[in-house]
Amino acid sequence: MGVALRDILSDYKNPAGWDKLSGKGAFDGNNALYQFLTTIRQPDGTPLMDREGRVTSHLSGMFFRVSNFLEKGMKPVFIFDGRPPDFKSDTIKERREAKEKAEIAYKRAVSVGDTQEAYKQARSATKVDAEIIESSKRLLSLMGIPVVDAPSEGEAQAAFMVINGDVSFTVSQDYDSLLFGAPKLVRNLTVSRKRKVRGRTITVNPEFILLPEVLFGLGITVENLIEMGILIGTDFNEGIRGVGAKTALKIVKNDNFDSFIKEKAPEFDPYPVKEFFLNPPCHRDYNLKWDKTDSDKLFEMLCEEYDFSHARVESVLDKLNEGAGQKTLDQWF
DNA sequence: CCTCCATC
DNA sequence: GATGGAGGC
(Lines give C-alpha, C1' and ligand atoms only; values in the text may rest on other atoms or scores of the structure.)
Protein backbone atom coordinates (compact mmCIF):
# COMPACT_ATOMS: atom_id res chain seq x y z
CA MET A 1 0.00 0.00 0.00
CA GLY A 2 1.22 3.42 -0.81
CA VAL A 3 4.79 4.47 -1.07
CA ALA A 4 7.40 3.21 1.40
CA LEU A 5 8.87 6.48 2.54
CA ARG A 6 8.41 5.74 6.22
CA ASP A 7 12.13 5.24 6.92
CA ILE A 8 13.10 8.68 5.79
CA LEU A 9 10.02 10.62 6.87
CA SER A 10 10.09 9.47 10.47
CA ASP A 11 12.37 12.42 11.29
CA TYR A 12 9.67 14.87 10.22
CA LYS A 13 6.82 13.94 12.51
CA ASN A 14 5.13 16.70 14.49
CA PRO A 15 2.82 15.79 17.35
CA ALA A 16 -0.75 16.80 16.53
CA GLY A 17 -2.99 17.52 19.51
CA TRP A 18 -6.71 18.04 19.05
CA ASP A 19 -6.25 21.79 19.38
CA LYS A 20 -4.38 21.69 16.07
CA LEU A 21 -6.86 19.39 14.35
CA SER A 22 -9.94 21.56 14.52
CA GLY A 23 -9.87 22.46 10.82
CA LYS A 24 -11.28 20.76 7.76
CA GLY A 25 -9.66 17.42 7.00
CA ALA A 26 -9.73 15.55 3.69
CA PHE A 27 -9.87 11.85 4.51
CA ASP A 28 -8.81 9.13 2.14
CA GLY A 29 -12.08 7.21 2.29
CA ASN A 30 -10.77 3.97 0.81
CA ASN A 31 -7.83 4.05 3.18
CA ALA A 32 -10.14 4.48 6.17
CA LEU A 33 -12.44 1.69 5.03
CA TYR A 34 -9.54 -0.65 4.56
CA GLN A 35 -8.34 0.17 8.06
CA PHE A 36 -11.73 -0.53 9.63
CA LEU A 37 -12.26 -3.74 7.71
CA THR A 38 -8.84 -5.18 8.56
CA THR A 39 -8.95 -4.35 12.27
CA ILE A 40 -12.57 -4.61 13.42
CA ARG A 41 -12.70 -8.36 13.72
CA GLN A 42 -13.05 -11.11 16.25
CA PRO A 43 -9.93 -13.04 17.21
CA ASP A 44 -10.75 -15.71 14.60
CA GLY A 45 -10.97 -13.13 11.83
CA THR A 46 -14.77 -12.88 11.60
CA PRO A 47 -15.84 -9.28 10.92
CA LEU A 48 -18.91 -7.67 12.48
CA MET A 49 -22.01 -8.72 10.56
CA ASP A 50 -25.75 -8.08 10.68
CA ARG A 51 -28.20 -10.98 10.93
CA GLU A 52 -28.16 -11.43 7.18
CA GLY A 53 -24.41 -11.87 7.15
CA ARG A 54 -23.60 -8.50 5.63
CA VAL A 55 -20.29 -7.05 6.90
CA THR A 56 -20.74 -4.01 9.14
CA SER A 57 -17.23 -3.43 10.54
CA HIS A 58 -16.72 -0.38 8.35
CA LEU A 59 -20.02 1.17 9.47
CA SER A 60 -19.13 0.70 13.12
CA GLY A 61 -15.68 2.21 12.72
CA MET A 62 -16.86 5.08 10.56
CA PHE A 63 -19.84 5.99 12.74
CA PHE A 64 -18.02 6.11 16.06
CA ARG A 65 -14.88 7.73 14.70
CA VAL A 66 -16.58 10.44 12.67
CA SER A 67 -18.85 11.25 15.62
CA ASN A 68 -15.78 11.81 17.75
CA PHE A 69 -14.19 14.08 15.18
CA LEU A 70 -17.34 16.18 14.91
CA GLU A 71 -17.50 16.46 18.67
CA LYS A 72 -13.93 17.66 18.78
CA GLY A 73 -14.75 20.40 16.33
CA MET A 74 -13.19 18.89 13.25
CA LYS A 75 -14.90 18.97 9.89
CA PRO A 76 -14.15 15.86 7.89
CA VAL A 77 -14.74 15.37 4.20
CA PHE A 78 -14.30 11.90 2.73
CA ILE A 79 -12.73 11.38 -0.68
CA PHE A 80 -13.27 8.13 -2.57
CA ASP A 81 -11.23 6.68 -5.40
CA GLY A 82 -12.46 6.85 -8.97
CA ARG A 83 -11.03 5.07 -11.98
CA PRO A 84 -7.37 4.11 -11.49
CA PRO A 85 -4.83 5.06 -14.16
CA ASP A 86 -3.99 2.36 -16.69
CA PHE A 87 -0.48 1.88 -15.38
CA LYS A 88 -1.88 0.78 -12.02
CA SER A 89 -3.31 -2.40 -13.54
CA ASP A 90 -0.30 -4.57 -12.65
CA THR A 91 -0.51 -3.52 -9.01
CA ILE A 92 -4.25 -4.10 -8.92
CA LYS A 93 -3.85 -7.55 -10.45
CA GLU A 94 -1.12 -8.47 -7.97
CA ARG A 95 -3.21 -7.36 -5.03
CA ARG A 96 -6.26 -9.22 -6.25
CA GLU A 97 -4.24 -12.40 -6.62
CA ALA A 98 -2.71 -11.99 -3.16
CA LYS A 99 -6.18 -11.56 -1.70
CA GLU A 100 -7.48 -14.64 -3.48
CA LYS A 101 -4.56 -16.62 -2.05
CA ALA A 102 -5.26 -15.25 1.42
CA GLU A 103 -8.94 -16.16 1.07
CA ILE A 104 -8.01 -19.77 0.38
CA ALA A 105 -5.51 -19.80 3.25
CA TYR A 106 -8.21 -18.32 5.50
CA LYS A 107 -10.72 -21.05 4.70
CA ARG A 108 -8.07 -23.64 5.23
CA ALA A 109 -7.07 -22.19 8.61
CA VAL A 110 -10.72 -22.14 9.71
CA SER A 111 -11.19 -25.77 8.68
CA VAL A 112 -8.19 -26.91 10.72
CA GLY A 113 -9.10 -24.64 13.64
CA ASP A 114 -6.00 -22.44 13.53
CA THR A 115 -7.48 -19.25 14.99
CA GLN A 116 -4.38 -17.08 14.77
CA GLU A 117 -3.69 -18.00 11.18
CA ALA A 118 -7.34 -17.45 10.30
CA TYR A 119 -7.19 -13.95 11.77
CA LYS A 120 -4.04 -13.12 9.84
CA GLN A 121 -5.34 -14.42 6.51
CA ALA A 122 -8.76 -12.84 6.96
CA ARG A 123 -7.04 -9.47 7.33
CA SER A 124 -4.94 -10.04 4.24
CA ALA A 125 -8.02 -11.07 2.27
CA THR A 126 -9.88 -7.86 3.09
CA LYS A 127 -11.64 -6.40 0.07
CA VAL A 128 -13.48 -3.09 -0.28
CA ASP A 129 -16.39 -3.78 -2.61
CA ALA A 130 -19.13 -1.59 -4.08
CA GLU A 131 -21.62 -2.44 -1.34
CA ILE A 132 -19.16 -1.36 1.34
CA ILE A 133 -18.44 1.91 -0.39
CA GLU A 134 -22.12 2.65 -1.03
CA SER A 135 -23.17 1.96 2.56
CA SER A 136 -20.30 4.11 3.86
CA LYS A 137 -21.28 7.01 1.64
CA ARG A 138 -24.88 6.72 2.78
CA LEU A 139 -23.79 6.71 6.42
CA LEU A 140 -21.61 9.78 5.92
CA SER A 141 -24.39 11.65 4.14
CA LEU A 142 -26.79 10.94 7.02
CA MET A 143 -24.14 12.29 9.36
CA GLY A 144 -24.00 15.48 7.31
CA ILE A 145 -20.47 14.82 6.07
CA PRO A 146 -19.57 15.83 2.51
CA VAL A 147 -18.39 13.06 0.21
CA VAL A 148 -16.28 13.72 -2.87
CA ASP A 149 -15.87 11.20 -5.67
CA ALA A 150 -12.42 11.64 -7.16
CA PRO A 151 -12.09 11.18 -10.91
CA SER A 152 -9.03 9.01 -10.26
CA GLU A 153 -6.92 8.61 -7.09
CA GLY A 154 -8.57 9.87 -3.90
CA GLU A 155 -5.20 10.91 -2.45
CA ALA A 156 -4.65 13.18 -5.44
CA GLN A 157 -8.05 14.82 -5.08
CA ALA A 158 -7.47 15.28 -1.33
CA ALA A 159 -4.08 16.89 -1.96
CA PHE A 160 -5.60 19.17 -4.58
CA MET A 161 -8.21 20.39 -2.10
CA VAL A 162 -5.55 21.27 0.48
CA ILE A 163 -3.42 23.05 -2.12
CA ASN A 164 -6.55 24.94 -3.17
CA GLY A 165 -7.06 26.06 0.41
CA ASP A 166 -10.51 24.49 0.77
CA VAL A 167 -9.39 22.05 3.48
CA SER A 168 -6.52 22.25 5.97
CA PHE A 169 -4.90 18.84 5.68
CA THR A 170 -5.16 15.35 4.26
CA VAL A 171 -5.71 12.34 6.52
CA SER A 172 -4.34 8.94 5.56
CA GLN A 173 -1.95 6.27 6.76
CA ASP A 174 -0.26 6.32 3.36
CA TYR A 175 2.25 8.96 2.30
CA ASP A 176 0.97 9.27 -1.26
CA SER A 177 -0.75 12.62 -0.76
CA LEU A 178 2.69 14.16 -0.12
CA LEU A 179 3.80 13.02 -3.55
CA PHE A 180 0.65 14.62 -4.94
CA GLY A 181 1.85 17.83 -3.31
CA ALA A 182 -0.30 17.99 -0.16
CA PRO A 183 1.46 20.47 2.16
CA LYS A 184 0.08 18.90 5.32
CA LEU A 185 -0.66 15.25 6.06
CA VAL A 186 -2.06 13.84 9.30
CA ARG A 187 -1.34 10.23 10.17
CA ASN A 188 -2.47 8.04 13.07
CA LEU A 189 -5.63 10.04 13.44
CA THR A 190 -7.59 7.87 15.86
CA VAL A 191 -9.55 8.49 18.99
CA SER A 192 -8.52 5.52 21.08
CA ARG A 193 -4.76 6.04 20.55
CA LYS A 194 -4.31 2.36 21.21
CA ARG A 195 -3.15 -0.14 18.67
CA LYS A 196 -2.42 -3.83 18.92
CA VAL A 197 0.94 -4.81 17.46
CA ARG A 198 1.92 -8.45 17.70
CA GLY A 199 -0.28 -8.99 20.74
CA ARG A 200 1.05 -5.95 22.56
CA THR A 201 -0.92 -2.76 22.95
CA ILE A 202 0.96 0.38 22.11
CA THR A 203 -0.05 4.02 22.16
CA VAL A 204 -0.02 5.89 18.89
CA ASN A 205 -0.31 9.64 18.63
CA PRO A 206 -1.66 11.67 15.73
CA GLU A 207 1.15 13.31 13.80
CA PHE A 208 1.54 16.00 11.17
CA ILE A 209 3.93 15.74 8.30
CA LEU A 210 4.59 19.07 6.63
CA LEU A 211 5.78 18.83 3.05
CA PRO A 212 7.84 22.06 3.09
CA GLU A 213 9.62 20.85 6.21
CA VAL A 214 10.40 17.50 4.58
CA LEU A 215 11.68 19.06 1.38
CA PHE A 216 13.79 21.63 3.20
CA GLY A 217 15.15 19.04 5.61
CA LEU A 218 16.13 16.62 2.87
CA GLY A 219 17.30 19.39 0.58
CA ILE A 220 15.16 18.28 -2.36
CA THR A 221 12.23 19.39 -4.51
CA VAL A 222 8.83 17.76 -4.65
CA GLU A 223 9.83 16.35 -8.03
CA ASN A 224 12.81 14.71 -6.30
CA LEU A 225 10.47 13.24 -3.70
CA ILE A 226 8.35 11.77 -6.49
CA GLU A 227 11.50 10.34 -8.07
CA MET A 228 12.40 8.79 -4.72
CA GLY A 229 8.96 7.23 -4.57
CA ILE A 230 9.36 5.81 -8.05
CA LEU A 231 12.78 4.35 -7.18
CA ILE A 232 11.43 2.73 -4.01
CA GLY A 233 8.13 1.71 -5.55
CA THR A 234 4.65 3.27 -5.63
CA ASP A 235 1.12 2.02 -6.30
CA PHE A 236 1.94 2.55 -9.97
CA ASN A 237 5.34 0.97 -10.41
CA GLU A 238 7.42 -1.75 -8.84
CA GLY A 239 10.51 0.13 -7.81
CA ILE A 240 14.14 -0.85 -8.27
CA ARG A 241 15.25 -3.92 -6.39
CA GLY A 242 17.57 -3.10 -3.54
CA VAL A 243 16.77 0.61 -3.45
CA GLY A 244 15.39 1.93 -0.18
CA ALA A 245 14.72 5.43 1.03
CA LYS A 246 18.36 6.23 1.87
CA THR A 247 19.75 5.11 -1.48
CA ALA A 248 16.93 6.82 -3.33
CA LEU A 249 17.72 10.10 -1.60
CA LYS A 250 21.37 9.87 -2.68
CA ILE A 251 20.40 9.13 -6.26
CA VAL A 252 18.02 12.06 -6.65
CA LYS A 253 20.35 14.47 -4.88
CA ASN A 254 23.10 13.57 -7.30
CA ASP A 255 20.67 14.14 -10.15
CA ASN A 256 21.11 10.54 -11.24
CA PHE A 257 17.45 9.50 -11.43
CA ASP A 258 17.23 9.19 -15.21
CA SER A 259 20.54 7.42 -15.68
CA PHE A 260 19.87 5.07 -12.78
CA ILE A 261 16.48 4.04 -14.19
CA LYS A 262 18.02 3.64 -17.65
CA GLU A 263 20.69 1.35 -16.23
CA LYS A 264 18.60 -0.77 -13.84
CA ALA A 265 15.22 -0.84 -15.60
CA PRO A 266 15.71 0.08 -19.26
CA GLU A 267 12.20 -1.18 -20.15
CA PHE A 268 10.52 1.11 -17.66
CA ASP A 269 9.41 4.61 -18.63
CA PRO A 270 8.95 6.58 -15.41
CA TYR A 271 7.58 9.63 -17.19
CA PRO A 272 3.84 8.78 -17.06
CA VAL A 273 4.07 7.99 -13.34
CA LYS A 274 5.98 11.16 -12.62
CA GLU A 275 3.53 13.19 -14.67
CA PHE A 276 0.61 11.56 -12.86
CA PHE A 277 1.95 12.62 -9.47
CA LEU A 278 2.69 16.14 -10.69
CA ASN A 279 -0.56 16.64 -12.55
CA PRO A 280 -3.25 14.11 -11.56
CA PRO A 281 -6.86 14.29 -12.71
CA CYS A 282 -8.87 16.22 -10.09
CA HIS A 283 -12.33 17.70 -9.85
CA ARG A 284 -12.47 21.44 -9.31
CA ASP A 285 -16.21 21.66 -8.83
CA TYR A 286 -16.61 19.73 -5.56
CA ASN A 287 -19.16 20.94 -3.05
CA LEU A 288 -18.17 21.09 0.61
CA LYS A 289 -21.21 21.53 2.79
CA TRP A 290 -21.51 20.19 6.29
CA ASP A 291 -25.03 19.43 7.42
CA LYS A 292 -26.79 18.44 10.61
CA THR A 293 -26.93 14.73 11.38
CA ASP A 294 -30.23 13.10 10.56
CA SER A 295 -30.75 11.14 13.78
CA ASP A 296 -33.97 9.46 12.70
CA LYS A 297 -32.55 8.12 9.46
CA LEU A 298 -29.32 7.09 11.20
CA PHE A 299 -31.33 5.01 13.67
CA GLU A 300 -33.21 3.49 10.80
CA MET A 301 -30.08 2.62 8.90
CA LEU A 302 -27.85 1.40 11.71
CA CYS A 303 -30.34 -0.21 14.09
CA GLU A 304 -33.10 -1.50 11.84
CA GLU A 305 -31.12 -2.27 8.73
CA TYR A 306 -27.78 -3.34 10.20
CA ASP A 307 -28.71 -4.54 13.72
CA PHE A 308 -26.66 -2.01 15.71
CA SER A 309 -27.54 -1.63 19.38
CA HIS A 310 -30.13 1.07 19.85
CA ALA A 311 -28.55 2.18 23.13
CA ARG A 312 -25.06 2.64 21.72
CA VAL A 313 -26.24 4.58 18.68
CA GLU A 314 -28.45 6.74 20.88
CA SER A 315 -25.71 7.70 23.31
CA VAL A 316 -23.49 8.83 20.43
CA LEU A 317 -26.27 10.84 18.79
CA ASP A 318 -27.24 12.45 22.09
CA LYS A 319 -23.70 13.69 22.59
CA LEU A 320 -23.61 15.00 19.02
CA ASN A 321 -26.93 16.82 19.28
CA GLU A 322 -25.89 18.30 22.60
CA GLY A 323 -22.70 19.64 21.05
CA ALA A 324 -24.51 21.03 18.03
CA GLY A 325 -27.01 22.77 20.29
CA GLN A 326 -24.25 24.63 22.08
CA LYS A 327 -22.78 26.03 18.90
CA THR A 328 -24.39 28.81 16.96
CA LEU A 329 -25.34 27.97 13.40
CA ASP A 330 -22.54 30.21 12.14
CA GLN A 331 -19.92 28.20 13.95
CA TRP A 332 -21.32 24.97 12.68
CA PHE A 333 -21.84 25.64 8.96
C1' DC B 1 -11.20 0.31 14.63
C1' DC B 2 -14.39 1.84 18.78
C1' DT B 3 -16.83 1.57 23.55
C1' DC B 4 -17.32 0.17 28.07
C1' DC B 5 -15.91 -1.45 32.30
C1' DA B 6 -12.76 -3.27 35.84
C1' DT B 7 -8.69 -2.16 37.92
C1' DC B 8 -5.01 0.39 39.81
C1' DG C 1 -6.38 9.51 34.63
C1' DA C 2 -4.09 5.61 32.60
C1' DT C 3 -4.10 0.82 31.19
C1' DG C 4 -5.82 -3.66 29.72
C1' DG C 5 -9.29 -6.88 28.16
C1' DA C 6 -13.86 -8.25 26.27
C1' DG C 7 -17.18 -7.43 22.88
C1' DG C 8 -19.42 -4.91 19.07
C1' DC C 9 -22.88 -6.93 14.56
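Me: Which polar backbone atom is 2.4 Å from a sugar or linking oxygen of DNA strand C?
Reply: First, this is a predicted model, where local features need pLDDT of at least 70 and side-chain atom pairs count only at pLDDT 80 or more, while totals for chains, interfaces and linings use all residues. Residues are numbered from 1 along each chain as its sequence is written, chains are lettered from A and ligands numbered from 1 in the order in which they are written, and side-chain values use heavy atoms, with hydrogens and water left out. The atom you're after belongs to Tyr 306.

Me: How many residues surround DNA strand C?
Reply: A residue is near a strand if one of its heavy atoms lies within 4 Å of it. The closest ones include Met 49, Thr 56 and Lys 194. In total, the residues around DNA strand C number 14.

Me: What share of the DNA strand C atoms that come within 4 Å of the protein is sugar and phosphate?
Reply: Here we look at the strand's side of things. Of the atoms of DNA strand C that come within 4 Å of the protein, sugar and phosphate account for 44%.

Me: Which residue has a backbone N or O atom 3.0 Å from a phosphate oxygen of DNA strand C?
Reply: Met 49 is a different case, with a polar backbone atom 2.5 Å from a base oxygen of the strand. For the phosphate oxygen, the residue is Ser 309.

Me: Where does chain A split into domain 1 and domain 2?
Reply: The bounds come from an automatic or database domain assignment. The C-alpha centres of the two domains lie 25 Å apart. Domain 1 is 1–218 and domain 2 is 219–279.

Me: What area do domain 1 and domain 2 bury between them?
Reply: Buried area is the accessible area (1.4 Å probe) that two parts lose on being put together, summed over both. In domain 1, Phe 87, Leu 179 and Leu 218 lose the most area to domain 2, together 33% of what that side buries. Carbon and sulfur atoms carry 70% of the buried total, which is about 2,000 Å².

Me: Which side chain meets Asp 235 in a salt bridge?
Reply: A salt bridge is a side-chain nitrogen of Lys or Arg within 4 Å of a carboxyl oxygen of Asp or Glu. Across the interface of domain 1 and domain 2, that rule finds one. For Asp 235, the N to O distance is 2.8 Å and the partner is Arg 95.

Methods: Polar contact = N/O pair within 3.5 Å; in protein donor to acceptor, adjacent residues only side chain to side chain.
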